[in-house]
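Visitor: Before we look at anything, could you explain the words you use, and show me how each value leads to its label?

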Amino acid sequence: MQTTGNQIIANNLTKSGSDTFYAKNPATGEQLATEFVEATAEEIDRAVQKAEEAFVIYRKKSDQERADFLDKIGEEIMNLGDTLLELCHQETGLPMGRLTGERGRTVNQLKLFAELLRDGTWVDARIDTAMPDRQPLPKPDIRQMQIALGPVGVFGASNFPLAFSIAGGDTASALAAGCTVVVKGHPAHPGTSELVGRAIAQAVESSGMPAGTFSLVQGKSVEVGMGIVQHPLIKAIGFTGSFRGGKALFDAANQRDEPIPVYAEMGSINPVFVLPEALKQRSDKIAEGWVGSLTLGVGQFCTNPGVLVSMNSEETTQFLKVAEQSLSSLSTGAMLTNQISEVYQSAVNQMSQIEEVATVATSQRSDAATAAEGQIFSTSAQRFLTNSELSDEVFGPSSLHVTAQSKNEMLEVAKNLEGHLTATLHATDRDLEEYADLVAILERKVGRLLVNGFPTGVEVCHSMVHGGPYPATTDSRTTSVGTLAIKRFTRPISYQNFPQNGLPQALKNENPLRIFRLVNGKLTQEPTS
Ligand code: NAP
């Protein structure tokens with residue numbers, strides 16, 4: 001299948017703008033052949049208008065119908081075969097093995113939301129039956145469930161061209177919730193976006209969904225994305241990317257006449273704390289694991305471990321020696337775009353010039369056009385606490401080791417952290433007992449706490465939180481990975497004193513969907529009377 005460079009608006013391939021752009025192979029620097037056209041304001045408006053028209057129909061489709069649709073999207077993505085992976089490899093420089101895995105993750109994510117819909121309990125049905133004889137006033141019959149918000153705008157992320165892009169977690173969870181979706185493709189992989197967009201359009205058609213259920217608009221200027229956020233018919237936004245981008249969209253959404261929620265997942269340094277007994281027992285293994293994690297995917301993961309803290313000790317000296325050997329023997333690959341590699345280069349240059357920051361190790365440089373050298377820096381906890389630049393995310397294969405002189409200093413480092421996606425502890429059981437206060441501090445700072453692992457690798461499941469307090473995200477109450485993500489695109493509604501035949505299936509007395517419901521405060525699958 002050839003790419004066309006068109007927008008996909010309500011299942012039509014269209015092209016009316018005059019501003020054009022091309023994808024570039026980051027490994028070779030070569031420009032790819034397809035000319036992509038930036039979406040015009042009129043096209044964005046049309047996509048959103050169609051999404052609103054479709055929403056009226058799509059939101060009323062049953063959970064079973066939406067589940068089949070999500071499965072169908074997965075099938076259509078698989079039907080693209082190697083064409084998708086090869087083009088994606090050219091546009092992103094990511095290895096084929098990684099992309100094959102990411103495609104699997106994308107399809108499984110769609111399947112997981114389909115299963116959630118088939119189970120049905122996700123609507124969180126609550127029923128309080130009437131008590132007409134209650135004194136002094138009768139109690140009405142009140143029933144609550146979650147319903148879809150409306151058309152949602154989604155931004156594809158550069159670093160996961162499949163799993164956080166056109167059919168990624170934001171799109172999957174919004175479609176599962178019953179929302180229609182307008183996606184802004186990331187300009188670093190427009191061909192991948194188009195192919196996946198066409199797979200979704202195919203699934204829309206064969207599943208009998210209304211045409212405006214899904215649209216894809218492409219563009220290289222911020223106006224395209226802003227056009228979606230500022231459109232009055234858009235009711236929520238999903239975004240993964242930089243703090244600057246996420247915050248700009250969040251601010252724009254709040255300045256609308258009708259402010260809307262923006263679920264932006266932004267930067268994070270994902271601190272790792274190596275506690276004394278664990279460091280004594282297995283410093284070499286932790287050092288090797290750290291280097292593996294910080295260089296994985298050329299460090300272009302939002303869960304990249306950007307800071308590691310341990311106590312001043314002989315074991316820390318040995319730990320850094322192993323990390324140095326491990327990193328200097330590696331060669332890191334191509335970064336996703338010129339811009340990302342330039343920003344990375346400038347951030348590591350800046351880091352190396354900060355007083356009292358030493359370079360511990362540098363990896364070998366590959367010959368890719370956007371090659372990046374992995375870096376490990378080190379500094380003292382005192383320096384880290386007094387220089388806020390050292391807490392900034394460096395997006396790429398770089399990490400900073402921080403040496404604490406005492407447990408108190410380690411706690412101070414933790415207390416001074418902003419919000420992050422994850423924090424990791426390398427610890428024995430005894431360490432965990434002795435550092436319970438560190439865990440208590442970190443609980444207030446992050447969305448996911450890990451023990452004896454590394455934060456890269458985010459499982460897609462029911463209990464995952466890929467989120468965290470600001471500035472890691474713009475809303476710490478939810479997640480962008482896992483089934484809880486569906487709640488970002490729904491809101492609760494109560495039906496008071498509705499007759500049975502006017503109620504949604506999920507709230508009828510006989511419980512035709514056989515879902516779990518909270519009936520008069522008790523969770524049950526039984527019908528009610
Ligand atoms: P980005 O600059 O945040 O862009 C992501 C998407 O948002 C793009 O489609 C971009 O459109 C759009 N956008 C950005 N700023 C906007 C604005 N002010 N108004 C409207 N739309 C806007 O991220 P990126 O291009 O992927 O990479 C740049 C940097 O982001 C990286 O160096 C890294 O620091 C960070 N990043 C973080 C994560 C993470 O997971 N936390 C992931 C990827 C990147 P245009 O491209 O058309 O401007």
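Guide: Two strands are said to pair if DSSP finds at least two bridges between them, and the strands themselves (E, at least two residues) are DSSP runs numbered from the N terminus, as are helices (H or I, at least four residues). This is a predicted model, in which local features need pLDDT of at least 70 and side-chain atom pairs count only at pLDDT 80 or more, while totals for chains, interfaces and linings use all residues. Residues are numbered from 1 along each chain as its sequence is written, and side-chain values use heavy atoms, with hydrogens and water left out.

Visitor: What makes β7 and β10 a pair?

Guide: Strand β7 (residues 152–155) and β10 are joined by three bridges and run parallel, and since the definition asks for at least two bridges, they pair. One of these bridges links Val152 to its partner Ala236 in β10. On β10 there is also strand β11 (residues 262–265), joined to it by four bridges in the parallel sense, with Tyr263 of β11 as the bridge partner of Gly238.

Visitor: Why is β10 called largely enclosed by the rest of the structure?

Guide: A residue is buried under 20% relative accessible area, exposed over 50% and partly exposed in between, using a 1.4 Å probe and protein chains only. Five of the five residues of β10 are buried, so the strand is called largely enclosed. Ala236, Gly238 and Thr240 point one way, whereas Ile237 and Phe239 point the other way, and all of them are buried. In a regular strand, side chains alternate between the two faces of the sheet.

Visitor: What happens just after that strand, and why does Gly241 count as partly exposed?

Guide: Gly241 sits in the loop between β10 and α8. Its relative accessibility is 33%, which is neither under 20% nor over 50%, and therefore the label is partly exposed.

Visitor: Which strands pair with β18?

Guide: Strand β13 (residues 307–311) pairs with β18 in the parallel sense over five bridges, one of which has Ala404 in β18 as the partner of Met311. Strand β17 (residues 375–380) also runs parallel to β18 and is joined to it by six bridges, among them the one between Ser380 and Thr403. Strand β18 (residues 398–404) is mostly covered, with seven of its seven residues buried.

Visitor: What makes Ser158 a polar contact of the ligand?

Guide: A polar contact is a pair of N or O atoms within 3.5 Å; within protein, one must be able to donate a hydrogen and the other to accept it, and residues adjacent in sequence count only if both atoms are side-chain atoms. A polar side-chain atom of Ser158 lies 2.4 Å from an oxygen atom of the ligand, and this is within the limit, so the pair qualifies. A polar backbone atom of Lys220 is 3.3 Å from a ligand oxygen atom, and a polar backbone atom of Met266 is 2.6 Å from a ligand nitrogen atom. The protein covers 88% of the 860 Å² of accessible area that the ligand has on its own, an area that comes from the Shrake-Rupley method with a 1.4 Å probe. Elements giving two or more residues to the shell around the ligand are α7 (222–229), β10 (236–240) and α8 (243–254), and α8 gives the most, with three residues.

Visitor: Where do you find a cis peptide bond?

Guide: One joins Gln135 and Pro136, with omega about 0°, and Pro136 lies in the loop between β5 (126–128) and β6 (142–148). Another joins Tyr470 and Pro471, with omega about 5°, and Pro471 is found in the loop between β20 (446–451) and β21 (490–496). Most residues other than glycine have a negative phi, and most peptide bonds are trans.

Visitor: Which residues have a positive phi although they are not glycines, and are they buried or partly exposed?

Guide: Asn511 has a positive phi of about 50°, and Arg514 has one of about 55°. Asn511 lies in the loop between β21 and β22 (517–519), and Arg514 is placed in the loop between β21 and β22 as well. At 1% relative accessibility Asn511 is under 20% and so counts as buried, whereas Arg514, with a relative accessible area of 43%, falls in between 20% and 50% and is therefore partly exposed.
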